[in-house]
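Hi,

Here is the structure I promised to pass on. Have a look at it first, and then read on for what turned up.

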Amino acid sequence: MAQDATVPKLNFKYWLDKAFEWGQATTLELQKDVCLHLPQLQEFLHQLYETIKHLGPTVAIQQFPLIGQLLGRLCWNPFVIGYDESQKTLMWCLCCLYSSEPQNAVELKANSWVRSLLCHLLSSSKWESNEAETSTFISALGYTSADYYCHLVKNTVTSLVTELRENQFNGLNIQESISASRVNAISIFCVPLITLPDITPLLETLLLYHGGSSKEILSSEFLEAVNEAFLMRKISLPESAVFSLWLRHLPSLEKATLHLLDQLFSIQLNSLEEVAHVMKDSLLPQAASHPAIFRIVNEIFKNALMETDGTSEVMTIIQVFTQLFLQAYQNENKQHKFPLKAYFPYHHQPLVRSLVRRPFELPTTYWSQHVKHISDMLKAIVEDTNISSLTDLFEIWFLVACFGEWLDIAAEQLLKAAVESDPVLWLLAFYYCPKNENQQRTQTMVEAQEVYNRLMMLFSCRDLSLKDLEAAVHRVTGLEQCCNQQLTTHLLTNFLLFSPGGHKIAQECIYHITEITDTSKEVYNLLIRTAYRFNHSGEENQRTVTLMNDLLQKFTLKV
């Protein structure tokens with residue numbers, strides 16, 4: 001035989017004959033003979049592995065044409081796989097026969113055979129079906145069948161984890177390192193076992209494993225299966241493993257983001273606390289601390305916003321995600337924190353730095369000044385420089401929209417503080433009307449200024465009626481005919497929330513506004529955003545908070 005001439009010390013034919021003789025060791029005499037030979041067999045298997053581990057599947061089979069028969073028979077002998085590290089060595093040998101890039105039908109069939117044997121070695125359900133054949137061995141160990149296989153799986157996983165981690169630390173030693181094809185094979189045989197709790201340490205180790213290859217060494221089927229199991233809550237993984245999965249496999253990150261959007265669209269958004277909880281549970285805001293993940297998730301959100309024509313629900317989801325991302329980013333260790341430019345590489349950095357400042361980081365008395373600073377910078381970018389395309393304008397608008405917390409505060413500051421109204425109104429007009437075709441934004445600004453002036457005349461009145469507000473708005477223009485209903489509705493809603501007389505007529509007025517303008521969603525999302533901020537900052541009096549919560553309980557969306 002070719003193998004005997006190449007490696008005579010292996011005594012391949014002797015062990016092949018023994019494997020045929022033993023079968024599955026169903027008689028007492030055979031069982032005794034297996035047990036007597038187990039130490040020598042394990043040494044042989046180790047030598048065989050050391051011989052073939054650098055050969056590749058094709059060469060290994062050429063040198064040992066009957067290696068499949070030998071390994072196949074040994075894998076079904078319960079005494080062999082139950083002894084010390086024999087099972088692990090068998091698995092390593094099988095991995096050496098797996099072709100990571102099969103070139104023909106024979107290699108595909110061989111891969112299928114290897115996968116079935118690997119699955120068999122860790123699948124207790126298959127073994128338990130042969131309990132009559134293995135009960136003698138298991139009983140001799142003092143285990144029940146379930147206990148025995150549980151310990152066997154744990155020991156095998158521990159051995160594989162140790163091997164991979166030691167190889168990771170010894171990655172510079174090329175001769176001793178595990179080949180990419182074998183790591184790929186291990187990931188494939190994990191696929192049908194992913195939801196077994198005892199496999200989790202191996203999943204984590206594989207996801208965190210990085211070999212010397214520039215190409216992805218883990219099977220795409222494995223990465224997809226792990227991601228699917230994680231999204232369906234069938235497995236639990238450490239954050240570091242999940243983040244590594246999404247960094248190394250873009251389709252999994254995209255699927256996780258779309259899955260989160262589907263979750264949020266399928267529930268009634270009664271509060272942003274609920275939205276925030278679902279988002280945190282997905283781990284996406286935490287993972288977004290890595291710039292590559294943040295930019296991809298942000299791009300998916302941007303596409304979702306365009307596909308839904310900029311609905312307020314999607315915009316609110318994006319704004320909450322941005323707030324949670326900022327929390328995770330600010331909690332990062334300074335030594336490991338990326339610069340903001342890594343997340344927003346193409347934007348005006350002073351504007352980015354101003355937008356990422358959270359309101360609670362500043363005294364409330366400084367909010368108006370900060371809003372004006374944002375508005376002045378944004379106006380200089382939009383009006384005083386050449387925006388090369390509508391795409392560029394949209395990118396600037398989307399950046400500002402992601403930090404919508406400052407937009408809501410801007411609208412509130414108009415009513416609650418002595419502010420210079422022009423910069424604040426311009427900021428709001430840009431948000432609601434970014435393009436200035438046919439002077440549309442300019443006209444929006446004029447109307448908003450008029451509505452604002454009328455509302456401020458009524459702000460101190462404690463005895464207001466719906467007719468008073470209607471008259472104030474209609475002196476400018478009919479609400480249903482105004483240039484931008486959303487901006488006018490935003491100003492009116494804030495007036496009802498924060499003016500002394502607005503509380504009494506808030507519910508009646510909001511119902512009336514949404515009836516004639518079809519802005520139910522916008523008003524509802526404004527209310528839950530404001531309630532969310534107040535509940536977390538404590539900046540507003542309890543009366544306003546109670547009013548908003550009452551409105552949210554009684555407000556019926558016409559959707």
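Below is what I found, starting with the whole protein and moving on to its pockets and a few individual spots.

Before anything else, please keep in mind that this is a predicted model.

**The whole protein**

There are 31 helices here and 0 strands, so don't spend time hunting for a sheet. The protein has 559 residues, and 52% of them are buried. If you take the contacts with a separation of 6 or more, 70% are between residues that sit 24 or more positions apart. As for the outside, the accessible surface adds up to about 25600 Å², and carbon and sulfur atoms hold 52% of that.

**The largest pocket**

This one has a volume of about 630 Å³. To find it in your viewer, go to Asp309, Gly310, Trp397, Tyr431 and Gln486, which lie nearest its centre among the 25 lining residues. Several helices give two or more residues to that lining: α19 (291–307), α20 (312–331), α23 (390–402), α25 (421–432), α28 (485–498) and α30 (520–537). Which of them gives the largest share? That would be α23, with 5 residues. Sorted by class, the lining has 12 nonpolar residues, 9 polar ones and 4 charged ones. Two domains take part, since at least three lining residues come from domain 3 (251–328) and at least three from domain 4 (346–557).

**The second largest pocket**

Here the space comes to about 380 Å³. The lining has 19 residues, and Lys302, Pro345, Tyr346, His347 and Glu395 are the closest to the centre. Two helices, α19 and α23, supply at least two lining residues each. Once again α23 gives the most, this time with 6 residues. The classes split into 11 nonpolar, 3 polar and 5 charged residues. Domain 3 (251–328) and domain 4 (346–557) each bring at least three residues to this lining too.

If you only have time to colour one helix, try α23, given that it contributes the most to the lining of the largest pocket and of the second largest pocket.

**A helix on the inside**

Next, take a look at α7, which covers residues 86–96. How many of its residues are buried? The count is 11 of 11, so the rest of the structure largely encloses this helix. The buried residues include Lys88, along with Gln87, Trp92 and the cysteines Cys93, Cys95 and Cys96.

**Two residues with positive phi**

Finally, there are two backbone spots to check. Arginine 233 isn't a glycine, yet its phi is positive, at about 60°. You'll find arginine 233 in the loop that runs between α14 (220–231) and α15 (239–248). Is arginine 233 buried or partly exposed? Its relative accessible area is 43%, so it counts as partly exposed.

The other spot is leucine 283, also a residue other than glycine, with a positive phi near 70°. Leucine 283 sits in the loop between α17 (272–282) and α18 (284–287). With a relative accessible area of 10%, leucine 283 is under the 20% cut-off and so is buried.

That's the lot for now. Shout if anything is unclear.

Cheers

Key. Residues are numbered from 1 along each chain as its sequence is written. This is a predicted model: local features need pLDDT of at least 70, side-chain atom pairs count only at pLDDT 80 or more; totals for chains, interfaces and linings use all residues. Side-chain values use heavy atoms; hydrogens and water are left out. Helices (H or I, at least four residues) and strands (E, at least two) are DSSP runs, numbered from the N terminus. Buried means under 20% relative accessible area, exposed over 50%, partly exposed in between (1.4 Å probe, protein chains only). Contact means heavy atoms within 4.5 Å. Accessible areas come from the Shrake-Rupley method with a 1.4 Å probe; for residues, only the protein chains shown count as cover. On a 1 Å grid over the protein atoms alone, a cavity is a set of points where a 1.4 Å probe fits but cannot get out, and a pocket is an open set with protein on both sides within 12 Å along at least five of seven lines; lining residues have an atom within 4 Å of a point. Grid points are joined across faces, edges and corners, and a volume is the space filled by probe spheres set on the points. Ala, Val, Leu, Ile, Met, Phe, Trp, Tyr, Cys and Pro count as nonpolar, Asp, Glu, Lys and Arg as charged, and the others, Gly among them, as polar.
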